[in-house]
Amino acid sequence: MTEKKHKLERLTGVKGMNDILPSDTGLWEFFENTVKAILHAYGYQNIRTPILEHTPLFRRSIGEVTDIVEKEMYSFVDSLNGKQLTMRPENTAAVVRSAIEHNLLYDGPKRLWYIGPMFRHERPQRGRYRQFHQVGVEALGFVGPDIDAEIILICQRLWNNLGLRDIRLELNSLGHKHERAAHRDQLIIYLERYIKLLDHDSKNRLYTNPLRVLDTKNPALQDIAANAPKLIDFLGDESLAHFEGLQSLLSANNISFTINPRLVRGLDYYNMTVFEWVTNKLGAQGTIGGGGRYDLLIKQLGGKPALACGWALGIERILELLRENNLVLSNDGCDVYIVHQGETARIRAFSIAEQLRNIGLDVILHCSVDNASVSFKSQMKLANASGATYAIILGDNEVWQDEVSIKPLRGNREIMDNAQQRVPVKSLVDFLAKVIAIPQKKEGISYNHK
Ligand code: AMP
């Protein structure tokens, strides 16, 4: 009888959900650090909410007649308790839910920010994934338009600090509910005139969410949408004053913008100010992010009424722009890679590595990859490939003499004359402190003991 060989099926990731590999995480970390520094500079506090929320949270906030709720949510019933759950397609609703649940506004307004994965069951393509990442701010309890300007300034500073110059700001105002209602009546009358020309989605939205018809990407409907009654013509004095107030604050801060009367955003909770950041550099998926005011959402989700605004930016699209601009990140290898041979050298190498980490250096200690001892030559190859600036070498000879050899692998060569050099173990720290700029302050913790 021949023995059948069973080949194990190789598993792959889920379509539209990407692995972010070490070759790419440097760029992610660079972006995350840049954006975090800016958010801190504006006094925003980080909030972290779960990936899963009860489905009604999104249905009630984003709106029943939206692409996200109608077609894109990863929703399922928890078979253990029958609860309807959804993997967050966006995070404003969850932040508001959390702020209400934990009474975050009890002592005044809050400036919050988040970062993390979102999930939408869309057709994957460049710039559009089923798991993607957003960074966002939510400013809860502010009337605007100063806060509206502030959150836009944060984005502008981010583009500046990232060196991105091809992102434009588009602005609109959706006014108050009663103003939208008056516009809606006229819009329906207008769209009914073209009902035969409308596509399936637009027909469906004609009576449920006609504003979204203006947002259509269908080229055949562009003229109809462009000539439709404009919401801005229905805004009353208060809404107009808010909108104009925002525009003057932006102009005073040298932020350029265009007013796009058709900008409505894909989520129902917005009112008054809405905005989007767009670029021509990314093909069809040119919206980098957007936001606006959502003054009724907190009340709508059961909280004590409070005004609010926020934005969310798509991180994949920002990183794509950075790549388009050929951003080069500086080498982020370790300071030191320690190679060693022999049992005594290994023990000493551990202790040296820990001492160097104590003074703030980043150190890789060579570890066995199989049971055979690895030659110095192979270890040096690994040291080089790791991107480390220096190799520290510990062999029998060095151990005998209480020394180490130091070899510069890149940069700083001139300081050491490009040569390998012997240094006594006891003066190693001082020596490295001289040639490597050791960070002044490494993060530390302290405890408040009672
Ligand atoms: P939204 O919440 O739909 O306004 O999305 C805000 C930003 O998130 C967008 O402008 C995109 O940059 C990004 N985004 C939204 N959906 C996706 C997706 N499926 N894949 C990648 N990025 C997305």
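In this predicted model, helix α12 passes helix α15 in a right-handed crossing. The two helices, α12 spanning residues 343-358 and α15 spanning residues 428-435, pack at an angle of about 45°, and their axes lie 11 Å apart. Because angles between 35 and 65 degrees fall outside the parallel and perpendicular classes, α12 is oblique to α15.

A second helix pair is formed by α5 (residues 146-162) and α9 (residues 237-252), whose axes come within 9 Å and cross at roughly 40°. The helices α5 and α9 are therefore oblique to each other. As for handedness, α5 passes α9 in a right-handed crossing.

The backbone has two further features of note, both in loops. The loop between β6 and α5 holds Pro145, which is joined to Gly144 by a cis peptide bond with an omega of about 5°. In the loop between α4 (92-101) and β5 (110-119) lies Asn103. Although Asn103 is not a glycine, its phi is positive, at about 50°. Both cases depart from the usual pattern, because most residues other than glycine have a negative phi and most peptide bonds are trans.

The ligand is surrounded by 14 residues, of which Arg120, Glu122, Tyr129, Arg265 and Ile288 come nearest. By character, the shell around the ligand divides into four nonpolar, five polar and five charged residues. Polar atoms of the protein approach oxygen atoms of the ligand at the positions tabulated here.

| Residue | Protein atom | Distance to a ligand oxygen atom |
|---|---|---|
| Arg120 | polar side-chain atom | 2.8 Å |
| Thr287 | backbone N or O atom | 3.1 Å |
| Gly289 | polar backbone atom | 3.2 Å |

Taken alone, the ligand exposes 480 Å², and the protein buries 92% of that area. Several strands contribute to this enclosure: β6 (131-140), β10 (287-293) and β11 (308-314) are the elements that give two or more residues to the shell around the ligand. Of the elements, β10 gives the most to the shell, with three residues.

Terms used
Residues numbered from 1 in each chain as written. Predicted model: local features only at pLDDT ≥ 70, side-chain atom pairs only at ≥ 80, totals over all residues. Heavy atoms only, no water. Near = heavy atom within 4 Å. Polar contact = N/O pair within 3.5 Å; in protein donor to acceptor, adjacent residues only side chain to side chain. Areas by Shrake-Rupley, 256 points an atom, 1.4 Å probe, with all protein chains shown as cover. Helix = DSSP H or I, 4+ residues; strand = E, 2+ residues; numbered from the N terminus. Nonpolar A, V, L, I, M, F, W, Y, C, P; charged D, E, K, R; others polar. Axes fitted to C-alpha atoms, helices over the stretch in contact; angles between N-to-C directions. Parallel < 35°, antiparallel > 145°, perpendicular 65-115°, else oblique. Left-handed = near helix turned anticlockwise from the far one by under 90°.
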